[in-house]
Amino acid sequence: MVYEVRRLRLLRELASHGTIAATAEACSLTPSAVSQQLLLLEREVGTALLVREGRGVILTEAARVLVASTERVLAELERARADVSALTSTVRGTVRLSSFPSAAVALAAPAIAACRAAHPDLRVLLDEREPEESVRGLRQHACDVALVYEYNLLPRLPDDGVRLRTLLREPLVTALPPHESPAPEGAPLALADLREKPWIAPHSDNALRTVLERACQQAGFEPRLDYTSDDYTVILSLVEAGLGVSLIPRLVAGPLSTDVRLCEVAGLRLTRTISVAVRAGAARDPAIAAVTAALTDAAAPPAP
């Protein structure tokens, strides 16, 4: 029996998202269309794949085996496409790159410029997505390459069907008003020294807010969040005006011209790892390889 690959992908997405409704939304389908395709897959397989439980469904053992095999099948298909593309010596086509904002400035922009100069027949398209959305986009073929990040205090991104390669690891630093001096210039600063300060945090970046809260809890206090914003220009402007302090990735401050004082955190290891992500099996595709190589070069430290 031959299984329809699109239906296998739907079963994999159901295993990831947990409900028919969430799977339908992620795949831009209606719930009835998802249910119909999964019913057809059950007929192809010849055994039950889903068990209804209340308003949700549970995958049977047969479905879990099929999902595990699907990851291998999809990776082999990607590898076959990459090998066919590699038969030509010309890097050409379109690569869709997703990035979060600070990496789009520091890494994606110079990488796209380098690709344009080196490969005139290659077109790189850029959109902005947060890491979990980018991983979903890769799995659903909405993008081909993604820049993602992970904080060391949080669980790792799910990587079934996706391969991550680390580009750089940067520290999280405290951002202080220009004339704040709880520690000597250039010296690390303990978060406990800022327990009485108002804090400024991202509004929608729940990951960084969670890292801030956990780090402060480890330092023995709950941060008082007086201001939130999704714009780091606003966050650093509030800090510069003396309205509070913040915890930010060092890369964020690079392109912004401010007098904010940055201090590494003493006593706690707080880092953000930035990686390039591609679908399993796709790394050898010449166009994807060219983009990932350009991103790697952009992330490399400047030569002394």
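Why are Glu 76 and Arg 79 separated by about one helical turn? The two residues stand 3 residues apart in helix α4, which spans residues 61–85, so about one helical turn lies between them. In this predicted model, their side chains form a salt bridge in which the closest N and O atoms are 2.6 Å apart. Glu 76 is partly exposed, its relative accessible area being 48%. Arg 79 is also partly exposed, with a relative accessibility of 26%.

The pair in α4 is one of 18 salt bridges found in a search of the whole structure. Another joins the side chains of Glu 44 and Arg 7, with an N to O distance of 2.5 Å. Because Glu 44 lies in helix α3 (residues 31–45) and Arg 7 in helix α1 (residues 5–17), this pair ties together parts that are 37 residues apart in sequence. Glu 44 and Arg 7 are both buried. A further salt bridge links Asp 127 with Arg 129, where the closest N and O atoms are 3.3 Å apart. Asp 127 is partly exposed at 29% relative accessible area, whereas Arg 129 is buried at 15%. Salt bridges with shared partners also connect Glu 78, Arg 81, Arg 96, Asp 144 and Arg 279 in one network.

The two helices that hold Arg 7 and Glu 44 also pack against each other. In general, the packing of two helices is described by the angle between their axes and the distance between the axes. For α1 and α3, the angle is about 115° and the axes are 9 Å apart. The angle makes α1 roughly perpendicular to α3, and the crossing of the two helices is left-handed. On the α1 side, the contact is made by Arg 7, Leu 8, Leu 10, Leu 11 and Leu 14. On the α3 side, the contributing residues are Val 34, Gln 37, Leu 38, Leu 40, Leu 41 and Glu 44. The salt-bridged residues Arg 7 and Glu 44 are thus among the residues that make this contact.

Nonpolar cores were examined next. The largest nonpolar core has 62 residues. The residues with the most contacts inside this core are Leu 107, Leu 122, Val 145, Trp 199 and Leu 295. With residues up to four places away in sequence not counted, Leu 107 touches Leu 147, Leu 167, Leu 168, Ile 274, Leu 295, Ala 298 and Ala 299. A second core, separate from the largest, has 15 residues, including Leu 14, Leu 41, Leu 49 and Val 67. Of these, Leu 14 of α1 and Leu 41 of α3 also take part in the contact between the two helices.

Ala 108 is placed in helix α5, which covers residues 101–118. Ala 108 has a relative accessible area of 0% and is therefore buried. Its contacts, again without residues up to four places away in sequence, include Leu 97, Leu 126, Leu 147 and Leu 295. Leu 147 and Leu 295 are also touched by Leu 107. Between the C-alpha atoms of Ala 108 and Thr 88, which are 20 residues apart along the chain, the separation is 26 Å.

Helix α6 runs over residues 131–139, and its buried residues include Pro 131, Ser 134, Val 135, Gly 137, Leu 138 and Arg 139. Among the elements that cover the buried residues of α6 are the helices α1 and α4. The cover also includes the strands β3 (93–99), β5 (145–151), β6 (162–176) and β11 (271–279).

Backbone angles add a further detail. Most residues other than glycine have a negative phi. His 141, just after α6, takes a positive phi of about 65°. The residue is placed in the loop between α6 and β5, and His 141 is partly exposed, with a relative accessible area of 26%. Ser 28 likewise has a positive phi, near 55°, in a residue other than glycine. Ser 28 is found in the loop between α2 (20–26) and α3. With a relative accessibility of 67%, Ser 28 counts as exposed.

Note on methods
Residues are numbered from 1 along each chain as its sequence is written. This is a predicted model: local features need pLDDT of at least 70, side-chain atom pairs count only at pLDDT 80 or more; totals for chains, interfaces and linings use all residues. Side-chain values use heavy atoms; hydrogens and water are left out. A salt bridge is a side-chain nitrogen of Lys or Arg within 4 Å of a carboxyl oxygen of Asp or Glu. Helices (H or I, at least four residues) and strands (E, at least two) are DSSP runs, numbered from the N terminus. Buried means under 20% relative accessible area, exposed over 50%, partly exposed in between (1.4 Å probe, protein chains only). A nonpolar core is a set of buried Ala, Val, Leu, Ile, Met, Phe, Trp, Tyr and Cys residues joined through side-chain atoms within 4.5 Å. Contact means heavy atoms within 4.5 Å. Axes are lines fitted to C-alpha atoms, for helices over the stretch in contact, and angles run from 0 to 180 degrees between N-to-C directions. Angles under 35 degrees count as roughly parallel, over 145 as roughly antiparallel, 65 to 115 as roughly perpendicular and the rest as oblique. A crossing is left-handed if the near helix is turned anticlockwise from the far one by less than a right angle, and right-handed if clockwise.
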